[in-house]
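Reader: I am new to this structure. Please take me through one part of it closely, and show me how that part sits in the whole.

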Amino acid sequence: MSRRSLTLLKNLARNSNASCIQTRSVTYMPRPGDGSPRAVTLIPGDGIGPLVTNAVEQVMEAMHAPIYFEKYDVQGEMSRVPAEVMESIRKNKVCLKGGLKTPVGGGVSSLNVQLRKELDLFASLVNCFNLPGLPTRHENVDIVVIRENTEGEYAGLEHEVVPGVVESLKVITKFCSERIAKYAFEYAYLNNRKKVTAVHKANIMKLADGLFLESCREVAKKYPGITYNEIIVDNCCMQLVAKPEQFDVMVTPNLYGNLVANTAAGIAGGTGVMPGGNVGADHAVFEQGASAGNVGKDSIVRKNKANPVALLLSSAMMLRHLQFPSFADRLETAVKKVISEGKCRTKDLGGQSTTQEVVDAVIAKLE
Amino acid sequence: MAAFLARRLLGTSTSSSSALMSSARAFSSSTTPIKATLFPGDGIGPEIAESFKQVFTAADVAIDWDEHYVSTEVDPRTNSFLTWESLQSVLDNKVGLKGPMATPIGKGHRSLNLTLRKELNLYANVRPCYSLPGYKTRYDDVDLITIRENTEGEYSGLEHQVVKGVVESIKIITRKASMRVAEYAFLYAKTHGRKKVSAIHKANIMQKTDGLFLQCCDEVAEKYPEIEYEKVVIDNCCMMLVKNPALFDVLVMPNLYGDIISDLCAGLVGGLGLTPSCNIGEDGIALAEAVHGSAPDIAGKNLANPTALLLSGVMMLRHLKLNKQAEQIHSAIINTIAEGKYRTADLGGTSTTTEFTKAICDHL
């Protein structure tokens, strides 16, 4: 019951935020006894990770949010995520992390993927929307990309058949496809979204993507109030750059989800501002929504010009997940005000500010 | 716009100095016309093919067109609707142009595109995407070429059900195919005066397969030190393309990424109705094609936009080294669209196919 009212209120807050940033007149009624600060695992990560997670820490302090961070150092070059970090995440159930750099070409498997598989975070969610005050080429973008996070092309099953010939297996199971379809439709239902689009390439990969589509169709029947349609991935990318307003919630297998999420993030303002996270039945890990650029370039790290907005908005999502909606609203309002004013923006949004300047502006705008 | 056209002129004039490695055959002498195969296709295919022939005749292009149509029954020799004669014709002539073909639904035969690809061994699909001056989209400074490996990768069609509810699909990358397409990409970049080649991959996740592809690109890149070479992860690439497409020049990628990225780029410049494309095969075979659909709803109504087929024809002419005429026709098309007086319905105008064609012929 409280989860339902939570999302309704979130909706209310979002609508009021989108129109003209003003204060709400709704009171949240917490369960008695809740008040002790929650522990959240924090993984700063590589590259710009430490910069942006530090930004979140500062803002949480300034808000006196009822959470405290347990910080762990993990580098992308490590072969496995250390056991103590996994312990901590399993205990706290919620984690905030910066990007972990995956070395290209050899040897080490991606820690990001490992984390998702071990904790069974089967859904990755990115919310791509136009921020008021941020000029982009496309208007009216409000897309949520829900991507299957554990199987598909990222199964990691590769081998060399003979020298010069390599095979990679893409695995699609009914269980995972159903799970992600159910999550997508439930998300759409609880957040008052009208349409779910399944992205696939079943004209070529008839069995694999065909199975994915079958699962989506079955789940769609249980939600008659939500429109369901399907689109082939290459057409989808073309439509995204031409007419993005036609998309609402998109559910995709692993690889296509990666591409679609980054494309959608790019058209809506860039990966530096889109929030997102990975969620499973028991755990949730919040990070910058779209995966491109979450480690950043060395030049950005040196000059401290990383964009903290994405991680700040993701931490707002995390606060809602932890059932602290008013803190989430305050944080979101402050961030959106800073963006719409346009004075304090990092390089990827066309400005010149450093990370610290943006953080200070956000703290100043907190009510 | 003048600078853009000048760049294309300069780019094509350097191609005369280097020989395309696989085309040992001299394509034309001044007296004998070249033979080329033309597949008009279905739906709007015949109309735009007609339009195409008109423009090319008006430009004095000495090509003898060998027309072939898709038959209505399966030819047992090719196991598809494409006849043996058609395939032989392309193999003999070595150049062809293909309109949109609707694959009939049914079992027991291969898809037409698959037949052509396998029989002619078309290993690279080249799609130049550039903003058409005068036709405004959200992106004004697009000028890039996508080169996609066409034979293997995720489209090998090898799938099976392991147990009920679990399906596997196999992606294959071979050294041979990757080297082939990487060589073609760099050669193309060199002969067309391009400065940079970007290899698109996801080798941080698919380490062995895309890793092999990257290795091949690395090796070929070393042989062309004058061309800048970079490797971009595909999610980064998507994001950069929608934010700032001017960052890219030539892109080379495996099959699936190529499919998605080339359609994304087509979307940046105005859609598939304006996009030319050319498939390159071994032994110098080139099959240019219009990648849009057959649009059965506007077939026969003189409303179709022939631009994609015409621009593909221009690509074919460049492949045949008939650069002067290619440039002529290209400029005529660009100028007609830029002028804005004659545009077909999909570009926001009211002209018919015939009016548009006539305007192009006038501009020659």
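Author: What follows looks at the nonpolar core, then at what surrounds it. The model is a predicted one.

Start with chain A as a whole. It holds 12 helices and 12 strands. Its radius of gyration is 20 Å, close to the 21 Å that the globule rule gives for 367 residues, so chain A is as compact as a globular protein of that length. Along its principal axes, the C-alpha trace spans about 60 × 45 × 45 Å. Of the 367 residues, 60% count as buried. The accessible surface of chain A is about 14,800 Å². Carbon and sulfur atoms account for 53% of that surface. Take the contacts in chain A between residues at least 6 apart in sequence: 76% of them join residues at least 24 apart.

Chain A is divided into two domains. Domain 1 covers 35–128 + 275–366, and domain 2 covers 137–268. Their centres, taken over C-alpha atoms, are separated by 24 Å. To the contact between them, domain 1 of chain A gives 17 residues and domain 2 of chain A gives 23 residues.

Now the core itself. In soluble globular proteins, nonpolar side chains tend to be buried together. The largest nonpolar core here has 128 residues. Which of them touch the most other members? They are A:Met60, A:Ile67, A:Met318 and A:Leu331. Helix 8 of chain A, residues 254–268, gives the most to this core, with 9 residues. The core draws at least three residues from each of domain 1 and domain 2 of chain A.

Look closer at A:Ile67. Set aside its neighbours within four places in sequence. A:Ile67 is then in contact with A:Pro37, A:Arg38, A:Val40, A:Met60, A:Met318, A:Leu319, A:Leu322 and A:Phe324. Two of these names have come up already: A:Met60 and A:Met318 are among the core residues that touch the most other members.

There is also a second, separate core, of 73 residues. Its members include B:Val197, B:Ala290, B:Met316 and B:Phe356.

That leads to chain B. Its secondary structure comes to 11 helices and 12 strands. Of its 364 residues, 60% are buried. Its accessible surface is about 13,900 Å², with 54% belonging to carbon and sulfur atoms. For contacts in chain B between residues at least 6 apart in sequence, 74% join residues at least 24 apart.

Helix 8 of chain B deserves a stop. It runs over residues 255–269. Is it enclosed or open? Buried residues number 15 of the 15 in helix 8 of chain B, so the helix is largely enclosed by the rest of the structure. Its length can be checked too. At 1.5 Å a residue, its 15 residues should span 21 Å, and the end C-alpha atoms are 21 Å apart, which agrees. Just after the helix, B:Gly270 takes a positive phi of about 135°.

Where do the chains meet? One place is A:Asp234. This residue lies in helix 7 of chain A, residues 233–242. A:Asp234 has a relative accessible area of 9%; buried means under 20%, so A:Asp234 is buried. Leaving aside neighbours within four places in sequence, A:Asp234 is in contact with A:Lys201, B:Asp259, B:Ile260 and B:Asp263. Those three residues of chain B fall within the 255–269 range of helix 8 of chain B.

Next, some loops. A:Asn140 sits between strand 4 (123–129) and strand 5 (142–148) of chain A. Its phi is positive, about 60°, although A:Asn140 is not a glycine. At 63% relative accessibility, A:Asn140 counts as exposed. A:Asn192 is in the loop between helix 5 (174–190) and strand 8 (195–200) of chain A. Phi of A:Asn192 is also positive, near 60°, in a residue other than glycine. A:Asn192 counts as partly exposed, at 49% relative accessibility.

Last, a loop of chain B. B:Glu282 is found between strand 11 (276–281) and strand 12 (286–290). B:Glu282 is partly exposed, with a relative accessible area of 30%. Beyond its neighbours within four places in sequence, B:Glu282 is in contact with B:Leu120, B:Asn121, B:Tyr123 and B:Arg180. From B:Glu282 to B:Ile63 is 22 Å in space, C-alpha to C-alpha, and 219 residues in sequence.

Definitions and conventions: Residues are numbered from 1 along each chain as its sequence is written. Chains are lettered from A and ligands numbered from 1 in the order in which they are written. This is a predicted model: local features need pLDDT of at least 70, side-chain atom pairs count only at pLDDT 80 or more; totals for chains, interfaces and linings use all residues. Side-chain values use heavy atoms; hydrogens and water are left out. Helices (H or I, at least four residues) and strands (E, at least two) are DSSP runs, numbered from the N terminus. Buried means under 20% relative accessible area, exposed over 50%, partly exposed in between (1.4 Å probe, protein chains only). Contact means heavy atoms within 4.5 Å. A nonpolar core is a set of buried Ala, Val, Leu, Ile, Met, Phe, Trp, Tyr and Cys residues joined through side-chain atoms within 4.5 Å. Domain bounds come from an automatic or database domain assignment. The radius of gyration is taken over C-alpha atoms; the globule rule is 2.2 Å times the number of residues to the power 0.38. Accessible areas come from the Shrake-Rupley method with a 1.4 Å probe; for residues, only the protein chains shown count as cover. The expected span of a helix is 1.5 Å times one less than its number of residues.
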